[in-house]
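Visitor: I would like a close look at one part of this model, the packing of a single helix. Please carry on from there to its surroundings.

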Amino acid sequence: MSEILLDTDKLEALSGKVVTDITGAIGVLLSYIGDQSGVYRALEAHGPCTASQLANTTGLNERYLQEFLSSNAGSGYITYDGQANEFSITPEQAAVFVKEGDPTCVQGFIQAVVSQYATHNTALEVFKTGRGRPWSEHHICCFCGTDRVFGPQYEENLINSWIPSLDGIQAKLEHGCKVVDVACGHGSSTILMAENFPNSTIHGFDSHEPSIEVAREKAKGAKLSNIEFFTNTAKEIPNNGYNFACIFDALHDMGDPVGAAKHINDILVEDGTLMLVEPMAADTLEENLDNPLSALFYGFSTLVCIPCSKAQEVGLGLGAQAGQARLTKVLNQAGFTQVQRTAETHTNMILEVCV
Ligand SMILES: C[S@@+](CC[C@H](N)C(=O)[O-])C[C@H]1O[C@@H](n2cnc3c(N)ncnc32)[C@H](O)[C@@H]1O
C-alpha cells in the first residue's frame, strides 16, 4: 500500500480552523451562561470593573467570574485592561451580546445552538435510526432561541419592507382584512401584524401547544384585541376566508408542505395572497456552499428541520436550504401558479405566492 503524504500546510490550516471552531463552541456555551446569569448586562452597566467588583454587584461567585471573564476576554467577547485589572464591554461587544431585540444580538442563535447540545443524545439517536423528531421533542431553549433569532428580524423587516413589497397587501391590511399566520411559533410575526394593522383580524396557528400558550401570553401583554391563537396543524386550519396568509420559516419544517400549501390555497379567498418567508438559499449545494452561513443552515436542518418534517405524514424533508426553484415546485403542486421573490435579506427570501 502506498503511503499517503499529507500536505502539512493544508493540515495546519484545517487544524487551526477546527481548533478555532472548538474554542468558539466553548465560547458559545460561556456566552449563554453570561446571558442567562446577567453578567454581560451587569458588565455593561457597571464596567470597567474587576471580577471582585462584578461579583459584589451581581452576587455571583468571584472565582467563577474571574475564570469566565478571562475566557471571554480571550475570545474577544469582552475587553480586559491589564494595568487596571478591569473588564469592560465595548458598545460593539454590547451590540452582539447584550442588546436583546436588536438584529445585531446573537444570544438567540447561541441559545438555539445550546439547545441542541443539551439534547445531544437524542440528536445522535435520531440521526442513527433515521426516525423523525417532532418540534415538541426539543429542549425549551430551541423554541425561545428560535423566537429570539427571528423576532428581531421580523421587527426590522416585516412592516417596513416585506409587506410593502407585495402587490396591494399593505392597503388591504390597513383597510382591514383576515390574516392567517401559519406555524406562528411564539407569535412574534403575528403580534407585529396585529399591532400595525388594527383594522385587520390576525389568526396565528401552530401545531405546538406550548408555543401557542407563549404566543397568547405575549398578545395578552400587548393588550391586543384583533388577534387569536389556535393549536392546529397547517392542514387543519378552519376555512375563515382569509385574504392574506403567511408562513415564516416553517414550510420546510412540515412533513407535507404540498398538502399544507394546498390547504392554504383552499382557505384563501379567490384573490388571496400567500407570503412565504424561507431561509435564504440558492438552488444547488455548490452555490449554497459559497454562502458562509450555509454550514449553519444545513446544521440546524440536520438537527431540527428534517427531523421535524420526518416526524409528520409524508415526511418530505425539504430542508432549510431548499432554494426558490424547489419551493416553487412545491407551491405549483399545491395549485399556486405565480411565485416571485419580492424581497430578501442575508438570511431570508420573501416569496409572493398567488393562484
Ligand atoms: C422554525 S419554527 C418558526 C416559528 C415561527 N413562524 C417563527 O418564525 O418564529 C417552525 C414552527 O413550525 C411549526 N410546525 C411544524 N410543522 C407544522 C405543521 N405541520 N403545522 C403547523 N405548525 C407546524 C413548529 O411547531 C414551529 O413552531
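Within what distance do the axes of helix 6 and helix 8 come, and at roughly how many degrees do they cross?

Guide: The model is predicted, so local features need pLDDT of at least 70 and side-chain atom pairs 80 or more, while totals for chains, interfaces and linings use all residues. Numbering starts from 1 along each chain as its sequence is written, and side-chain values use heavy atoms, without hydrogens or water.

Now the pair. The axes of helix 6 and helix 8 come within 7 Å. They cross at roughly 155 degrees. (Helices are DSSP runs of H or I, at least four residues; strands are E, at least two; both are numbered from the N terminus. Axes are fitted to C-alpha atoms, for helices over the stretch in contact, and angles run from 0 to 180 degrees between N-to-C directions.) That angle makes helix 6 roughly antiparallel to helix 8 (over 145 degrees). Helix 6 passes helix 8 in a left-handed crossing (the near helix turned anticlockwise from the far one by less than a right angle; clockwise is right-handed).

Helix 6 spans residues 107-118. Another partner is helix 14, residues 294-310. Here the axes come within 11 Å and cross at roughly 40 degrees. That makes helix 6 oblique to helix 14 (neither under 35, nor 65 to 115, nor over 145 degrees). This crossing is left-handed as well.

Helix 8 leads on to the ligand. Residues 140-162 form helix 8, and three of them give the largest share of the shell around the ligand. The ligand has 20 residues around it (a heavy atom within 4 Å). Y154, A183, D206, A234 and F248 come nearest. A polar side-chain atom of Y154 lies 2.6 Å from an oxygen atom of the ligand. For W135, a polar side-chain atom lies 3.5 Å from a ligand oxygen. Q312 faces a nitrogen atom of the ligand instead: an N or O atom in the Q312 side chain is 2.9 Å away. Taken alone, the ligand exposes 590 Å² (Shrake-Rupley, 1.4 Å probe), and the protein buries 94% of that.

Elsewhere, helix 3 and helix 4 also pack. Helix 4 covers residues 62-75. The angle with helix 3 is about 125 degrees, and the axes are 9 Å apart. Helix 3 and helix 4 are therefore oblique to each other. Helix 3 passes helix 4 in a right-handed crossing.

Two backbone details remain. Most peptide bonds are trans, and most residues other than glycine have a negative phi. The bond from G47 to P48 is cis, with omega near -5 degrees. P48 sits in the loop between helix 2 (39-46) and helix 3 (51-58). N85, not a glycine, has a positive phi, near 55 degrees. N85 is in the loop between strand 1 (79-81) and strand 2 (86-88).

Key. Polar contact = N/O pair within 3.5 Å; in protein donor to acceptor, adjacent residues only side chain to side chain.
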